[in-house]
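I opened this structure without having seen it before. These are my notes, in the order I looked things up.

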Amino acid sequence: MSFDLHRPSSLAEAVALAGLFGPGARFIAGGTDVVIQINRGKIAPAHLIDISLLPGLAGIAATAEGYAIGPLTTYRTIERHAAFQGPLSALVEAAAVVGGHQVRNIATVGGNIVNASPAADFVPPLLTLDAVLDIAGPQGDRTVALRDFITGPGKTSLGAGELVTAIRFARLAANSATAFFKEGRRKAMEISVVCVAASLTLDASGTRCVSARLAVGAAGPTALRPERAEASLAGQAAGLTSFRDAGRLAAEASSPISDVRASADHRRHLVAVLVERALTRCAERIAGARP
Ligand SMILES: Cc1cc2nc3c(=O)[nH]c(=O)nc-3n(C[C@H](O)[C@H](O)[C@H](O)COP(=O)(O)OP(=O)(O)OC[C@H]3O[C@@H](n4cnc5c(N)ncnc54)[C@H](O)[C@@H]3O)c2cc1C
């Protein structure tokens with residue numbers, strides 16, 4: 001294994017280097033995916049462009065519309081951020097179960113998205129928030145919905161030399177909450193067998209669903225939004241019956257594989273259970289926040 005390591009000092013320099021070296025170059029942020037892939041011989045970049053110290057790409061900003069997360073933000077920062085401790089706590093719940101402490105101190109949310117693993121834990125909560133990605137590249141800047149960005153296992157719509165510069169999403173409506181659940185073969189340091197995120201909005205009485213957004217990871221080639229399950233909740237009484245129905249529809253929408261970690265049947269079962277559980281947690285959170 002041999003590569004040249006580059007340490008650009010600005011975003012413009014990083015993009016220019018990536019444009020110059022083309023497909024032979026890789027960005028490296030925390031390195032917790034890319035170094036393992038190099039060590040395993042899955043990729044052999046001739047140039048690694050270290051973006052970990054680039055200014056302005058780490059941290060969380062509250063904007064007029066919502067929030068902007070820098071791609072270099074670590075899971076530890078997400079876990080501790082005050083704005084995500086309430087209705088947006090799916091983000092904290094997902095961040096808190098990525099790897100162990102060492103990984104969470106260095107690994108970045110941008111790396112999780114661009115790596116595009118079907119089991120990436122931080123992707124489902126962002127999908128339920130309808131997150132968009134700001135991207136800078138040799139051809140200029142663009143914005144793309146996260147939903148359209150990941151196109152397959154390990155595949156994204158990122159062009160040569162393009163770099164994710166921000167992950168943005170709007171504030172939640174009133175009477176809303178989010179939740180995230182992950183199931184693995186053990187409780188810690190484990191890739192998801194299935195993970196589920198939910199974002200639920202109830203009416204002013206707190207008893208009826210206005211809308212729901214669901215996302216399921218590790219149960220298909222990419223994390224998916226089970227639209228029929230989401231639509232089934234609109235106007236329904238919030239509770240076990242509607243949440244269980246949504247879980248069943250989400251399981252039907254998933255297309256898991258059988259592998260060393262679980263059978264496809266077990267994964268489908270988990271999707272149904274975790275969707276019901278996540279929606280129940282959202283409803284509990286909304287109730288808990290009511291005056
Ligand atoms: C022990 C261990 C346990 C783990 N456990 C989990 C887990 O439980 N759940 C989970 O989801 N993941 C897990 N991972 C995977 C990994 O930690 C995460 O996916 C992490 O978020 C990757 O971030 P990174 O900064 O290390 O990415 P890197 O390895 O630096 O980069 C990953 C990919 O993204 C690209 N990239 C990074 N940032 C950008 C950017 N801003 N713009 C464009 N391209 C970019 C890189 O070129 C590379 O292709 C684990 C990894 C290890 C080693």
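The entries below go through domains, sheets, helices and the ligand shell.

**Entry 1: what I have.** I am working with a predicted model. I looked up the domain assignment and found domain 1 at 4–50 and domain 2 at 176–289. I then took the distance between their C-alpha centres, which is 35 Å.

**Entry 2: the five-stranded sheet.** I asked in what order the strands of this open sheet lie. The order is 4-5-10-6-7, and the pairing is antiparallel. I noted strand 4 (60–62) and strand 7 (140–145) at the edges; each has a single partner strand, so one side of each is left without a neighbour in the sheet. On average, neighbouring strands of this sheet are turned by 20 degrees against each other, direction ignored.

**Entry 3: the pairs within that sheet.** I went through the pairs from the strand 4 edge. Strand 4 pairs with strand 5 (residues 66–69) over three bridges, in the antiparallel sense. In this pair I found A62 bridged to Y67 of strand 5. The link between strand 4 and strand 5 is a hairpin of three residues.

Strand 5 also runs antiparallel to strand 10, and four bridges join them. Here I69 stands opposite I167 in strand 10.

At the other edge I looked at strand 6 (residues 132–137), which forms six bridges with strand 7, again in the antiparallel sense. V132 is the residue I found opposite A145 in strand 7.

**Entry 4: a helix on the sheet.** Which strands does helix 1 touch? I found that helix 1 (residues 11–21) packs on the sheet against strand 6 and strand 10. The direction of helix 1 makes about 125 degrees with that of strand 10.

**Entry 5: the three-stranded sheet.** I moved on to an open sheet of three strands, ordered 11-12-13 and paired antiparallel. Its edge strands are strand 11 (176–183) and strand 13 (209–217), each pairing on one side only. From one strand to the next I get an average twist of 10 degrees.

I counted the bridges between strand 12 (residues 194–202) and strand 13: there are eight, and the two strands run antiparallel. One of the residues I looked up there is A197, whose bridge partner in strand 13 is A215.

I also checked what lies across this sheet. Helix 11 lies across strand 11, strand 12 and strand 13, and it runs at about 35 degrees to strand 12.

**Entry 6: helix 10 against helix 11.** Two packed helices are described by the angle between their axes and the distance between the axes. I looked up both values for helix 10 (residues 240–253) and helix 11 (residues 264–289): the axes come within 8 Å and cross at roughly 145 degrees. Is the crossing of helix 10 and helix 11 left-handed or right-handed? I found a right-handed crossing.

I listed the residues in this contact next. Helix 10 brings F243, R244, A246, G247, R248, A250 and A251, and these meet R268, V271, A272, V273, V275, E276, L279 and T280 in helix 11. By class, I have nine nonpolar, two polar and four charged residues in the contact of helix 10 with helix 11.

**Entry 7: around the ligand.** How many residues surround the ligand? I get 26, and the closest are G30, T32, G99, G111 and N112. The shell has 14 nonpolar, nine polar and three charged residues.

I then asked which elements supply the shell. Strand 2 (25–28), helix 2 (34–39), helix 6 (109–115) and strand 10 (163–170) each give at least two residues. Helix 6 has the largest share, with five residues. I noted strand 10 twice in this notebook: it supplies residues to the ligand shell, and it is also a strand of the five-stranded sheet.

Notes:
Residues numbered from 1 in each chain as written. Predicted model: local features only at pLDDT ≥ 70, side-chain atom pairs only at ≥ 80, totals over all residues. Axes fitted to C-alpha atoms, helices over the stretch in contact; angles between N-to-C directions. Left-handed = near helix turned anticlockwise from the far one by under 90°. Contact = placed C-beta atoms within 7 Å. Nonpolar A, V, L, I, M, F, W, Y, C, P; charged D, E, K, R; others polar. Domains from an automatic or database assignment. Pairing = 2+ DSSP bridges. Near = placed C-beta within 6 Å.
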